[in-house]
Amino acid sequence: MKLDLHGVRHQEVERLVENFVLLNKPPLTIITGNSHRMQDIVMNTLTIHSIEFEKWGSGCIKILK
């Protein structure tokens with residue numbers, strides 16, 4: 001499953017990522033684009049929920065477990 005965050009406002013990202021990772025089973029892909037701020041928000045949200053992730057390339061984060 002994929003969550004594409006292109007066009008999403010930064011203040012909406014945390015809630016969307018939480019819902020996506022808590023309601024779906026891995027493997028999951030989150031497309032952040034090249035925004036460092038967007039990537040930071042996503043990675044911080046995943047870390048808060050103790051979800052292991054890998055950064056793939058410059059605009060993609062994978063949750064494999």
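1. A quick term before we start: helices here are DSSP runs of H or I with at least four residues, and they are numbered from the N terminus. With that in hand, look at S50: it comes just after α2 and takes a positive phi of about 55°. Keep in mind that you're looking at a predicted model.

2. Now step back to the whole fold. The protein has 2 helices and 4 strands, and if you walk along the sequence you meet them in the pattern β-α-β-α-β-β.

3. How does the overall size work out? For 65 residues, a compact globule would have a radius of gyration near 11 Å, and the protein comes in at 10 Å, so the two agree. If you'd rather think of a box, the C-alpha atoms fill roughly 25 × 25 × 20 Å along the principal axes.

4. On to inside and outside. Buried residues make up 38% of the 65. The protein exposes about 4300 Å², and 52% of that comes from carbon and sulfur atoms. As for charges, there are 8 positive and 7 negative ones, and their mean positions sit 4 Å apart.

5. Have a look at who touches whom, too. Take the contacts between residues at least 6 apart in sequence: 55% of them join residues at least 24 apart.

6. Helix α2 deserves a closer look. It covers residues 36–48, and its 13 residues at 1.5 Å each should span 18 Å; the end C-alpha atoms are 18 Å apart, so expectation and model agree. Its buried residues are M38, Q39, I41, V42, M43, T45 and L46. What do they pack against? The buried residues of α2 meet helix α1 (10–23) as well as the strands β2 (28–31), β3 (54–56) and β4 (60–63).

7. Zoom in on Q39, which lies in helix α2. Is Q39 buried or exposed? Its relative accessibility is 3%, and buried means under 20%, so Q39 counts as buried. Setting aside neighbours within four places in sequence, Q39 is in contact with T32, G33 and N34, and also with K55, S58, G59 and I61.

8. For contrast, try H6, in the loop between β1 (2–4) and α1. At 52% relative accessibility, H6 counts as exposed, because the cut-off for exposed is over 50%. Which residues does H6 touch, leaving out neighbours within four places in sequence? H6 is in contact with I31 and G33. The C-alpha atoms of H6 and T32 are separated by 6.6 Å, although these residues are 26 apart along the chain.

Technical notes: Residues are numbered from 1 along each chain as its sequence is written. This is a predicted model: local features need pLDDT of at least 70, side-chain atom pairs count only at pLDDT 80 or more; totals for chains, interfaces and linings use all residues. Side-chain values use heavy atoms; hydrogens and water are left out. The radius of gyration is taken over C-alpha atoms; the globule rule is 2.2 Å times the number of residues to the power 0.38. Buried means under 20% relative accessible area, exposed over 50%, partly exposed in between (1.4 Å probe, protein chains only). Contact means heavy atoms within 4.5 Å. Accessible areas come from the Shrake-Rupley method with a 1.4 Å probe; for residues, only the protein chains shown count as cover. Lys and Arg count as positive and Asp and Glu as negative; His and the chain ends are not counted. The place of a charge is taken as NZ of Lys, CZ of Arg, CG of Asp or CD of Glu. The expected span of a helix is 1.5 Å times one less than its number of residues.
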